[in-house]
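Student: Could you take me through one part of this protein up close? I'd like to look at the aromatic rings and then see a few residues worth a second glance.

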Amino acid sequence: RPGKLYLRAGAGYALHPVMDMVWSPHFKRRSFSIDVHASHRSYFGEYEAVGGISESDWKGADAKTDADVHMNCDWNSASLGIDVGYDNVYRSDFLDKGAYNALEAALRMHSKSPWPDHFLYDIGVKYRYGYDNLSVGLREQNIECEVVLGPVWKTRHKFLFDLGGEFAMYSGGIDTMVGEISFAPHYVFTKGALKVDVGVLLSMMLRPDGQVVHYSAREQYIYPDMQIELALIPDAMKMYAELGGGNRINTYSSLLKRNHHFSYLWGRGRNEVFDTTVERFSGTLGFEGRIGNIFSYDLKGGYSDMRNAVLDAFAADKTTDGTIILPSLGYASFRNAFARLGWRLDAECVCFDGMLSYNHVWDLPYQGGFFAPSELEGDVSFVYNWRKRIFVGVDCTFALSRYAMLAFSPVESVAVTIPGYADLGVYAEYAALRRLSFWIRGGNLLNDTICRNVFYAEKGLHFTAGICLKI
């Protein structure tokens with residue numbers, strides 16, 4: 001809300017500092033707004049040796065800090081948004097130690113019209129510059145452009161043209177570059193309970209001549225692009241179906257986001273660090289709805305045919321002292337059937353929400369050292385409040401074990417198992433004043449081996465306490 005400040009911060013043992021801040025200053029002109037966001041999540045402490053990468057536990061760190069400012073200007077016929085942000089990832093373990101810092105700027109402008117017949121446009125551009133000081137260092141530059149143009153008739157009919165482009169350039173520890181351009185004409189029809197969006201995606205990768213080390217995977221040029229929605233119960237339940245696919249550039253920042261301990265050294269002389277993922281085809285069928293004003297859900301399932309998808313992996317070297325196992329990253333093709341269920345019950349004194357995800361992967365190269373996604377994972381949370389003054393809750397995040405094998409020869413191989421886990425936590429908060437509350441949270445109460453990232457298991461129980469301030 002304009003003119004409001006929200007701050008939530010805490011720390012404890014083991015050291016898990018957290019901070020979230022949102023500030024929305026008030027302006028007399030309602031057409032102009034600014035939102036400032038900042039957050040921090042980190043862990044400093046012991047890591048448990050799993051999967052054979054270390055003979056003993058070690059001390060390490062995983063810290064993520066980001067901040068951004070969003071400015072928005074509204075006019076009768078258009079809206080302009082400007083974003084400026086910063087993010088930092090610091091990690092330390094028995095192999096590597098370094099920090100990644102990045103600045104990002106984005107601009108987006110889109111049309112607004114109350115008339116049934118009008119011309120629609122939505123134009124956006126984003127630039128990121130990042131630097132990782134690990135080893136000899138790595139510089140990243142990333143540019144993204146998106147344009148949507150087209151006429152709208154009677155609000156029901158839209159014939160739109162989507163144009164996109166992304167370019168990534170690297171220097172330092174790795175020198176390479178890649179680009180992608182795409183074009184997607186599509187027709188959107190809306191009538192009553194039915195909405196149909198039918199089109200085709202054309203995509204092409206751009207590489208320097210002779211580049212064969214990074215981003216070398218060959219793309220597919222044409223993909224389906226279709227979405228259908230049907231309201232089975234108006235404002236209460238809809239069925240949706242999607243057909244799609246496309247090319248995705250795996251940038252350094254995106255790989256670091258999925259695993260903060262990742263570095264550009266993870267090829268280990270065996271795998272490419274940077275490459276393109278091709279989703280040859282994907283199909284999804286789902287149901288989304290609500291029951292009254294307190295319960296909402298989203299159930300969906302589908303199939304995808306992935307080529308050269310990024311996966312957690314490991315590398316291994318044989319020495320006279322035994323086999324050395326190192327965390328790595330690789331690209332492989334596979335097929336995947338999946339199901340997702342998300343829900344939220346938000347009653348007067350109870351909040352119960354969660355997510356369950358099932359993945360069945362096949363055709364993954366056997367003995368390639370690749371870890372398939374966990375077959376079943378999810379999180380569940382339950383919170384009870386007494387008169388919005390005292391809050392108590394319990395939550396659990398869990399995942400099944402993961403397995404990979406790497407072959408040295410037809411008769412010799414090494415296998416690694418990453419154990420499944422259940423992170424059980426409890427939470428309590430006391431609202432001492434209308435704008436001030438105190439909270440405490442305990443995590444990993446089962447003292448389990450929690451490996452959210454392959455080979456990196458934060459060790460032991462932890463407790464965090466802090467304040468929540470609303471001004």
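**Aromatic rings up close**

Tutor: Sure, let's start with the rings: there are 21 aromatic pairs in this structure, which is a predicted model. Pick out W58 and Y456. Their ring centres sit 6.2 Å apart and the two planes meet at 85°, so this pair counts as edge-to-face. The cut-off for that label is an angle over 60 degrees. Now check where the two partners come from. W58 belongs to strand β4, residues 58-74, while Y456 belongs to strand β25, residues 456-458, so the pair ties together parts that are 398 residues apart in sequence. Both W58 and Y456 are buried.

Zoom out a little and you'll find that W58 and Y456 belong to one aromatic cluster. Its other members are Y43, Y47, F94, Y100, Y170, Y252, F262, Y264, W266 and F274. Try colouring those rings to see the group.

Another ring to look at is W439. Here R8 lies over the face of the ring, at 4.0 Å from the ring centre.

Next, find N336 in strand β16, which covers residues 322-346. Its relative accessibility is 9%, so N336 counts as buried, given that the cut-off is under 20%. What does N336 touch, leaving aside residues up to four places away in sequence? The contacts are G302, Y303, S304, N359, H360, V361 and W362. Take G302 from that list: G302 and N336 are 34 residues apart along the chain, and their C-alpha atoms are separated by 8.3 Å.

Now for some backbone details, which turn up in loops. Go to the loop between β1 (4-13) and β2 (18-24), where A14 is placed. The peptide bond leading from Y13 to A14 is cis, with omega near -10°.

Then move along to D235, in the loop between β12 (222-233) and β13 (237-249). D235 isn't a glycine, yet it has a positive phi of about 60°. Is D235 buried or exposed? With a relative accessible area of 64%, D235 is exposed.

K388 is the last stop, in the loop between β18 (376-386) and β19 (390-399). K388 also has a positive phi, about 55°, although it is not a glycine. Its relative accessible area is 46%, so K388 is partly exposed.

Definitions and conventions:
Residues are numbered from 1 along each chain as its sequence is written. This is a predicted model: local features need pLDDT of at least 70, side-chain atom pairs count only at pLDDT 80 or more; totals for chains, interfaces and linings use all residues. Side-chain values use heavy atoms; hydrogens and water are left out. Rings of Phe, Tyr and Trp (its six-membered ring) pair if their centres lie within 6.5 Å; planes under 30 degrees apart count as stacked, over 60 as edge-to-face and the rest as tilted. Helices (H or I, at least four residues) and strands (E, at least two) are DSSP runs, numbered from the N terminus. Buried means under 20% relative accessible area, exposed over 50%, partly exposed in between (1.4 Å probe, protein chains only). A charge sits over a ring if NZ of Lys or CZ of Arg is within 6 Å of the ring centre and within 35 degrees of the ring normal. Contact means heavy atoms within 4.5 Å.
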